[in-house]
Every structure is written in C-alpha cells, then in structure tokens.
Amino acid sequence: MTIKLAQNVTPRLLQLALLTLVLPTIGYAQVIDNTIQPALQDIQRTTQTVRDEVQNRVQQRVQDQVPESAQRLTQDINSTAVTVLTDVTERLAVLDSNQQELFTEVTLANGNRVLEREWLIAASAEAEQALQQIDAQVLAKQTLGALDVTVLRFKVPAELNDEALLRSKFSKAAAASLVRHFVYDAQSNDSGTSSVKFAQRQWCETPLTIGMIDTAIDTSHPAFAQQAIVQKSFLQADVAQPTAHGTAVAGLLIGTHEDYVSLVPNAKLYSAAIFHRHNAMQQGAALLPLLEAMNWLTEQHVKVINLSLTGPANALLEQAVKRVSERNVLLVAAVGNNGPAAPANYPAAYDDVIAVTAADAQGQIYRWANQGDYVEFTARGVQVSTARRDGDVGYETGTSMAAPVVAAAAACLWFEQSTATATEVRDLLQQRVVDLGGKGRDSVFGFGLLAPN
C-alpha cells in the first residue's frame, strides 16, 4: 500500500501527525516533548492537507507504528471517531493519595465538563444486555429508592464515545435515560464588585431541619462548634475533597460567630458532600454523586434542599428533580454566575426548582448572574459575610450566597405552616418579595427580593 503525500509533507511529518491524532486518547501524550516542537510547528502549517490525505488510511498506517493495545482504539475509525478524538479541549486527572489516577474529567468542545468516556443510564435487563454487547465496563450499579431509579455507571471504548453512535446501541426506551457523566460547578465567584459589604440578618431561630448539596464542610471551623451538622460524603475515600464553598454556604445558613449572624442558627443541617478537587482552584461534582445526594436527603425527610451548583440539563437529573418534588420537597438552586447572556443552568432552570439570583446591598443585580424567565427570586449575594475555609470570617460573592437565603426563608415559613405543601410554601414566598426591576416578574430579578425583616 502506498500513500501519495503533499509536496511539503515528509514521512516523518506524517508519522508525527498520526501520533498527534491518536496518542492523546490512549495516554501517550507525554512522549511529545520539546525535542519535536519544531516539527509540530511544521505540522500545524500543513494540518488540513495531512488530515485530508491520511484520514481514510489512518487505521492501516497506525498498525505499523503503534502498539497492539492502541490498534484496538482505531479498529472502527471513521468520521465520527475522528470527531471524538478532537472533541476534548482540556483534561484533568483526579488522583488518589498514592497519585494513581481514579478518573479523568474532560471539557468538551461545547464547554460541558464530563468524566471521560463515562455514561449513565437507568438500569434494566435490556440496558445491561446492550452494555455487554458493546464491551462497556460497568463501574457501578446504584439503586436510588427515593428517586425511583437504579443507575448504571459505565465506561465505553473510545470508538463508541459519541452520543448518536452510542444511542444506536440501545432501544429507544432504554436510550431515553442515556446521559454523559456530567460534572457540575459551584457558584461562588470573587469577593465582589461592590464596595459595600453586607452582614446577613437572621430569618428565624426555630430548631428546623435544612439540607444542602455542596462541597464538604470544614466542621472544625469555630462557627460550627455548637452546631448540629450531619455530613455524608458521596465520593470514594481516596478522592480529595475541597471545603471552601461548602463551608461558606453552611456558615451563612447555621454558623454562629461574633462577627456575623447566620440565617437559621438553630437549625440541624444535613450536608451532602459531592465535589472532588483537582487543585486549589479547580473542583467539580459528578452527576451520579449529585443524584445519590438528592436521594439521601429525601430519605432523611429533609423538606428544603439548597443546591448552590450548576451544570447541563439531562434526563436523569430531570427525573430526579421530578421525583423529589413529588415527595413534597422544595429544591432551591443558584441560577449561576455565567453572565446575563449565558444559557440556562440546571437544576435551577427546571420548573420544579426555585431559581435564585443575587443582588448587592443596594438592590443592584450581581453583574455576572445568569438571567432568564426561570429566575424566581432575588436575594443578597454580593459581599456577604460568612465563614471561610481558613477558620476566619470574610466576604463571599455569587448566586451561591443568595440561594441559601431563599432556602432558609422557605424552611422558616414551612416550620410556621407545618401542614402546607411545597407549592403553597412557594406561593407564600412570592407574596413576601420586594418588587425590583420591571413591575411583576421579570427575567432579571424574578418576582423580586426576599430578605429577612
């Protein structure tokens, strides 16, 4: 077999192009170092020519140049597989205490973060049989009783890591629940843009129960010395967990400290920790731990759950939200800090979830808050005083800081109106707002500002 090359493409450049296309998907990217950077620069100038001439012959060529283990990754290579190979913009490995890789988080070209080559699907005999036929590796089978679903977590061969291709391997009914293993973000940002710092006021002193799904809480913080916290992690033991975001949210909800007042200081807090950490600046929460956390809090009969996190919509999360709501539980979520022109974030944008945006002490909307017709309430979320990871107290900003205000308000109202339904509590909240922006509900402030008297 011969390959006709473009005039300025040498066999060596072709070899390097093949390696560049294939090796990153099988963990060999580290072999490309400074010794071949000049050659790679040449490749960049001739990329389109190389791709046009090599694509249809790459499988045969790879068999001559890479190990047998890599050949399996290219057995069914075609235009879909080429797209898969180039659809990742960033990779971040999550390591255990021995620096061994547990899983890899990747950012896709559309901006969504997922666990690499991992998918979730509702368990059924049909789905499990299909997974066997495609040689998928089942990583977990988790029954979530309160959500009325059993979830299969599985990893697929690289050549099947495409949504349309993978869906074709299942029946229509089974494929309806197929989703990537998405990763969700916490929604605190910087220290804020307002020069006016805000000390939150208390909603009520009643000994109610409230839940949150977030990072782990630093329970050694002095603000939690006398507080009732039931904390459960939904990550395996070797995964490093961040604590900054959850500590700030929990501090705002129940912390007691001489430098600030919390929203519901006498409440019992059920905290579900679901975030893994890459480094001091990067963290994420995978979809399956999020579903497990929602299931656990519902089983604990927690009636109000705060979710200061955002991510993409998907069938399994939508079903979980629906099931929780049917059990008369209120979900309160941050709308996100991606800016007024950004698309909707989830779970906040689901109809069954109370979506909360943030404003500063003057009632001005937080400049990075998402906007949309799903926004329901505004609360103070800019330069809010709360507990910090370092054991001190400081100021935090973001829609994450606003969502707990509404969650606390709902919990206090529900304690007073113990026979009310979740829908009735939601209606009562709407009657207590201060209208901001245009008259009535709008896409910036929702119904208006909720704040303690």
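Is Asp148 buried or exposed? Keep that question in mind while you load the predicted model; the answer comes at a later stop on this tour.

**Start with the whole chain**

Show everything as a cartoon first. The chain has 453 residues, and 53% of them are buried. In the cartoon you will find 14 helices and 20 strands. Switch to a surface view: the chain exposes about 20100 Å², with carbon and sulfur atoms supplying 45% of that area. Contacts are worth a thought here too. Of those with a separation of 6 or more, 72% are between residues 24 or more positions apart.

**Stop 1: the disulfide**

Select Cys204 and Cys412 and show them as sticks. These two cysteines form a disulfide, with their sulfur atoms 2.0 Å apart. The count for this model comes to one disulfide. Cys204 sits in the loop between β6 (179-186) and β7 (209-214), while Cys412 belongs to helix α13, so the pair ties together parts that are 208 residues apart in sequence. As a reminder, a disulfide is a covalent bond between the sulfur atoms of two cysteines.

Now look along the S-S bond. The torsion about the bond of Cys204 and Cys412 is about -80°, so this disulfide is left-handed. Which end has a relative accessible area of 5%? That is Cys412, which is buried. Cys204 is buried as well, with a relative accessible area of 11%.

**Stop 2: along α13 to α10**

Stay with the helix that holds Cys412. Select residues 399-416 for α13 and 244-254 for α10. The axes of these helices come within 9 Å and cross at roughly 35°. The crossing of α10 and α13 is right-handed. Show side chains at the contact: His245, Ala248, Val249, Leu252 and Leu253 from α10 meet Ser400, Met401, Pro404 and Ala408 from α13. This set divides into seven nonpolar residues, two polar and no charged.

**Stop 3: the other partner, α14**

Keep α13 on screen and add residues 422-430, which make up helix α14. Here the two helices pack at an angle of about 115°, with axes 10 Å apart. The crossing of α13 and α14 is right-handed. On the α13 side, pick Val406, Ala409, Ala410, Leu413 and Trp414; they meet Ala422, Val425, Leu428 and Leu429 of α14. The contact of α13 with α14 comprises nine nonpolar residues, no polar and no charged.

**Stop 4: Pro265**

Next, select Pro265, in the loop between β10 (260-261) and β11 (268-273). Pro265 is buried, with a relative accessible area of 14%. What is Pro265 in contact with, leaving aside neighbours within four places in sequence? Select Gln202, Cys204, Gln227, Leu253, Ile254 and Thr256. Two of these names come from earlier stops: Cys204 forms the disulfide with Cys412, and Leu253 takes part in the contact of α10 with α13. For a distance to try in the viewer, draw a line from the C-alpha of Pro265 to that of Ala228: they are 9.6 Å apart in space and 37 residues apart in sequence.

**Stop 5: Ala334**

Move to strand β16, where you will find Ala334. At 0% relative accessibility, Ala334 counts as buried. Not counting residues up to four places away in sequence, Ala334 touches Gln187, Leu307, Ser308, Leu309, Thr310, Ala348, Val356, Thr399, Ser400 and Ala403. Ser400 is one of the α13 residues that meet α10. The C-alpha atoms of Ala334 and Ala349 are 9.4 Å apart, with their positions 15 residues apart in sequence.

**Stop 6: backbone details**

Finish with the backbone. Most residues other than glycine have a negative phi, and most peptide bonds are trans. Select Tyr346 and Pro347: a cis peptide bond joins them, with omega about 15°. Pro347 lies in the loop between β16 (330-334) and β17 (353-359).

Then go to His301, in the loop between α11 (287-299) and β14 (304-307). His301 has a positive phi of about 65° although it is not a glycine. His301 is exposed, with a relative accessible area of 67%.

Last, select Asp148, in the loop between β4 (137-144) and β5 (149-155). Asp148, not a glycine either, has a positive phi of about 60°. And the opening question is settled here: Asp148 is exposed, with a relative accessible area of 54%.

Terms used
Residues numbered from 1 in each chain as written. Predicted model: local features only at pLDDT ≥ 70, side-chain atom pairs only at ≥ 80, totals over all residues. Heavy atoms only, no water. Axes fitted to C-alpha atoms, helices over the stretch in contact; angles between N-to-C directions. Helix = DSSP H or I, 4+ residues; strand = E, 2+ residues; numbered from the N terminus. Left-handed = near helix turned anticlockwise from the far one by under 90°. Contact = heavy atoms within 4.5 Å. Nonpolar A, V, L, I, M, F, W, Y, C, P; charged D, E, K, R; others polar. Buried < 20%, exposed > 50% of the residue type's maximum accessible area, 1.4 Å probe, protein only. Disulfide = S-S within 2.5 Å. Areas by Shrake-Rupley, 256 points an atom, 1.4 Å probe, with all protein chains shown as cover.
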